[in-house]
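New to this structure? Take a moment to look it over, and then we can walk through a few of its features together.

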Amino acid sequence: MMETQSHGARTSVYTSELFSRMDESSDREFYARDRFVSHLDRLALDTVEKLIGNLTVEKDPVVLDLMAGWDSHLPEDFSAREVVGVGLNDNELKQNPRLTRYVLHDLNEDPILPFEDGTFDVVLNTVSVDYMTRPLEVFREIARILKPGGLFLVIFSNRMFPQKAVKIWKESNEAERVMLVEDFFRVTNDFEPARVFVSKGKPRPTDDKYAYLGIPSDPIYAVSADKKGGNPDRPERPLPKLDSVEITDPALVEARSAQVKSSLICPYCGERMKKWAVPQNPFTEWENEFMYVCFNDDCCYFRRGWDVMNEQGNMGFSYRLMYYPERDRLFPVAVPSFKALKESIVEEDCDA
């Protein structure tokens, strides 16, 4: 595949080499093995369901689950006139309780979908865009089979079968993957401007088998767009609204903030802040050698930071609370991951 298409002042170029894979064997054979497992943790799956429910505003829509398996991730109260699945594993599709019918079809072998123009109100693609070897052709097909104004919702995380994920996906970081999917929509030229949703930095459910490792819940990224040509007077599709992390007691936060100089207690979570060595930086001169930082991964200040930073256009970042003792000042410090800054902790528990 090679695609060169101009759109305004921008040009997008993709070559087939970018969509090569470690394992180029038949996808039909690879996916013939039944995999009745969840590829995301429970919190991430709940987020996917809420996304689909919030963005689907059509009444009793006709829905296509593209690259489907045994679970279409639809909310329990989701009402649809028809849910059609397209996938490669007959047993999984047969046991998917939400599908009214399904089609066995290999998109990488043949991106042409066996449906009439304007068939569907909504097309969903969940945690599988990273396996598309001919994504531009697939996105054009989605535009063809969607009704004007219909929704195409692409959801993904950071987990994958590495042997089947395409090269450009594996070599991109998580923010670049979002931009890649946005570009698939843009190059197709049949969609309204895409919108992005990110859910990252949430605590993993306590009953999850990986919870003891202290790693966060699987991140959820969603890129969605409506097909052009919809009724201009129709209600605007809402932005996703999910449960957010709230500061439970602002008065307590204020009281703790006034005492932080003597207590070194995080005003938001009540845990002791850790002594942190200020790194040498030729571009910034600090007056001191140490700061104090809250490294509690469950702190509401840190947890809600992922959402706040994303809303400000800083996708993939949160912030931790830092105390500057020489100036008796609290301020946020941006971090790209749970592990960031922790290498400079000089003691596990600071002394007041």
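What follows is a short tour of the sheet, the aromatic rings, the charges over rings and the cysteines.

Keep in mind that this is a predicted model.

**The sheet**

Let's begin with an open sheet of seven strands, ordered β5-β4-β3-β6-β7-β9-β8 and mixed in its pairing. At its edges you'll find β5 (101-104) and β8 (195-199), each of which pairs on one side only. Neighbouring strands here are turned by 15° against each other on average, if you ignore direction. Strands in a sheet pair through backbone hydrogen bonds, and they can do so parallel or antiparallel. For β4 (residues 82-87) and β5, the sense is parallel, over four bridges. In this part of the sheet, Gly 87 stands opposite Leu 104 of β5.

A helix packs on this sheet too: α4 (residues 135-145) touches β3 (62-66), β6 (120-126) and β7 (146-156). The direction of α4 makes about 140° with that of β7.

Over in strand β8 you'll spot Ser 199. Is Ser 199 buried or exposed? Its relative accessibility is 9%, so Ser 199 counts as buried. Leaving aside residues up to four places away in sequence, Ser 199 touches Thr 47, Asp 218, Pro 219 and Ile 220.

**Rings that pair up**

How many aromatic pairs does a search of the whole structure find? It turns up 23 of them. One is Phe 19 with Phe 184, a tilted pair with 6.3 Å from centre to centre and 40° between the planes. This pair links distant parts of the chain, 165 residues apart: Phe 19 is in the loop between β2 (10-15) and α1 (27-30), while Phe 184 is in helix α6 (residues 174-188).

Another pair is Trp 306 with Phe 338; the ring centres are 6.0 Å apart and the planes are at 15°, so this one is stacked. Trp 306 lies in helix α8 (residues 300-311) and Phe 338 in the segment after β13 (329-335), so the pair ties together parts that are 32 residues apart in sequence.

Here is how buried the members of these two pairs are.

| Residue | Relative accessibility | Status |
|---|---|---|
| Phe 19 | 4% | buried |
| Phe 184 | 1% | buried |
| Trp 306 | 4% | buried |
| Phe 338 | 12% | buried |

Phe 19 and Phe 184 also belong to one aromatic cluster, together with Tyr 14, Phe 139, Phe 152, Phe 185 and Phe 191.

**Charges over rings**

Arginines turn up over rings as well. Arg 35 lies over the face of Phe 30, 4.6 Å from the ring centre. Arg 320 has its charged end over the ring of Phe 302, at 3.9 Å from the centre.

**The cysteines**

A disulfide is a covalent bond joining the sulfur atoms of two cysteines. How many disulfides does the structure hold? The count is zero. Take Cys 299, which is in no disulfide: the nearest cysteine sulfur belongs to Cys 266 and is 3.8 Å away. Cys 299 counts as buried because its relative accessibility is 2%.

Then there's Cys 300. Why is its sulfur not bonded to the closest cysteine sulfur? That sulfur is in Cys 299, 5.0 Å away, which is too far for a bond. Cys 300 is buried as well, with a relative accessible area of 12%.

Conventions. Residues numbered from 1 in each chain as written. Predicted model: local features only at pLDDT ≥ 70, side-chain atom pairs only at ≥ 80, totals over all residues. Heavy atoms only, no water. Phe/Tyr/Trp six-rings, centres within 6.5 Å; stacked < 30°, edge-to-face > 60°. Helix = DSSP H or I, 4+ residues; strand = E, 2+ residues; numbered from the N terminus. Buried < 20%, exposed > 50% of the residue type's maximum accessible area, 1.4 Å probe, protein only. Lys NZ or Arg CZ within 6 Å of the ring centre and 35° of its normal. Disulfide = S-S within 2.5 Å. Pairing = 2+ DSSP bridges. Axes fitted to C-alpha atoms, helices over the stretch in contact; angles between N-to-C directions. Contact = heavy atoms within 4.5 Å.
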